[in-house]
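Here's a quick walk through this one, from the inside of the protein out to its domains and its ligand. Have the structure open while you read.

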Amino acid sequence: MPAPPGPFRPGFWRSPIRGPWLTSVFGLVLLVGIPILFVTGALSYAAYNPDLGPLNDQTPDKGLLGFYLFDWPTHPAWLYRLTQGVHVTLGVVLVPVVLAKLWSVIPKLFEWPPVRSAAHALERLSLLMLVGGAVFEFVTGILNIQLYYVFPGSFYTLHFYGAWVFIAAFVIHVALKLGRLVRALGSRSLWGELRTGVAGTRPEPPDTDGLVAVDPAPPTIARRGALALVGAGSLALFVVTAGQSIGGWTRATALLAPHGREPGDGPNGFQINKTAAAVGISAAMVGPDWRLEVHGAGPVQVFTREQLLAMRQRSAQLPIACVEGWSTTDQHWSGLRLADLAAVAGLPDATDVLVESVQPPGPYSSVVLRGNQIRDPRSLLALHVNGVDLSLDHGYPARIIVPANPGVNNTKWVRRLTFRT
Ligand SMILES: Nc1nc2c(c(=O)[nH]1)N[C@H]1C(S)=C(S)[C@@H](COP(=O)(O)O)O[C@H]1N2
Ligand SMILES: [Mo]
């Protein structure tokens, strides 16, 4: 059967720089970058403590995919800030490389006939999973960090299962192509390419993969130009993204940060994820009638904010680091140690604590924290930040702050703590 006209015809793709060498340069960058994205993503999953039960677990059908879950540590306090900052920043920075890699292999996506043999069918299926998985993971990730929740169901679940499909296809792809990648990289010198302008640009020798154009057009860009274009794209994205994770003055450069670059002034002037208004919390709900309930071994204990303030106040310097990649520098929090509250509840050896907020039940309104998080002396039910009362948006009258905890588990507007063994 002859190939249909258009992109299925060998003569259709004419770029003189398309070929195994250029594909392999982009491939090498992704060979390093994708595993880092996968590992930091898998760590973020562990950091959410999904093994602590149904409340934390948005992926109850994970089965074996949760095999590696471990007690997420509280040291160093900036751990999640680092792993998730790397995950999000690297994901954004790799977008131009992924696009360039797809461009460089596009003739392969239009192979004719579509299937030649069983082995060829398997290879093409793995490519479908690879390209589909990559596009899916990058698109869901970027929509999430831009707070654009258009997917059916939860981002978290989609991104989690998508990651496993993608990494499986990635491993197969690397196993099939690694030899060719090494050979192709050895076929030309990078320094030679960097010294070659448009006029001297020649196609690579014909290849069995069908990347090199059979009927190349005259060059309009050198390989170094293509590399510079992609590199400049990645660098530009780095510059407008990284500031939201690094903080300090660099936040002013984070043009893509969906929460804006100016978190406000004063002691409460740092990033807010959901404002009180956004989740339906009014000042009246946390006014003079607000009480903290502490459940544990004995009868329920109830405290007013004044009573909590009369107890021993402790402080800690801790950041907030959100799954969306942004984080704050360390803030000075003070309030009650979770460990002291566990003792108040009669359960100094509590293995977990259920934290519930004033917010009506729903996403983010409650969470379970683990024993190691309760026992860290820097883990607080904070009443103050940077020397003043928490603002309503930062969780007044009381919020959780635990070192290395993903932001989402630092529940704001707390009203009940249930310690358990
Ligand atoms: N009750 C409640 N707590 C919450 C949230 C929420 O929506 N409701 N958002 C969480 C998320 S996703 C993050 S990143 C942090 C952000 O804290 P901040 O707004 O004080 O910076 O609060 C967490 N605590
Ligand atoms: Mo968050």
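## The cavity

The largest cavity comes in at about 40 Å³. Keep in mind that this is a predicted model. With the cut-off set at 30 Å³ or more, the count is 1 cavity.

Who lines the largest cavity? Going along the chain, you'll find Ala77, Tyr80 and Arg81, then Pro319, Ile320 and Ala321, and finally Val402, Ala404 and Asn405. Sorted by class, that lining splits into 7 nonpolar residues, 1 polar and 1 charged. Arg81 counts as the charged one and Asn405 as the polar one.

## Two domains

The chain is assigned two stretches: domain 1 covers 6–253 and domain 2 covers 277–420. Measuring between centres over C-alpha atoms, domain 1 and domain 2 sit 39 Å apart. Their contact involves 32 residues of domain 1 and 28 residues of domain 2.

The cavity ties in here too: each of the two domains gives at least three residues to the lining of the largest cavity. On the domain 1 side these include Ala77 and Tyr80, while Pro319 and Val402 are among those from domain 2.

## Around the ligand

How many residues surround ligand 1? There are 18, and the closest are Gln271, Gln359, His394, Arg399 and Lys412. Broken down by class, this shell holds 7 nonpolar, 8 polar and 3 charged residues.

Some of those closest residues make polar contacts worth a look. Gln271 uses its backbone: one of its polar backbone atoms is 2.6 Å from an oxygen atom of ligand 1. Gln359 works through its side chain, with an N or O atom there 2.7 Å from a nitrogen atom of the ligand. His394 also brings in its side chain, placing a polar atom 2.6 Å from an oxygen atom of ligand 1. On its own, ligand 1 has 540 Å² of accessible area, and the protein covers 99% of that.

Terms used. Residues numbered from 1 in each chain as written. Chains lettered and ligands numbered in written order. Predicted model: local features only at pLDDT ≥ 70, side-chain atom pairs only at ≥ 80, totals over all residues. Heavy atoms only, no water. Near = heavy atom within 4 Å. Polar contact = N/O pair within 3.5 Å; in protein donor to acceptor, adjacent residues only side chain to side chain. Areas by Shrake-Rupley, 256 points an atom, 1.4 Å probe, with all protein chains shown as cover. 1 Å grid on protein atoms, 1.4 Å probe; cavity = no way out; pocket = protein on both sides within 12 Å on 5 of 7 lines; lining within 4 Å. Points joined across faces, edges and corners; volume = space filled by probe spheres on them. Domains from an automatic or database assignment. Contact = heavy atoms within 4.5 Å.
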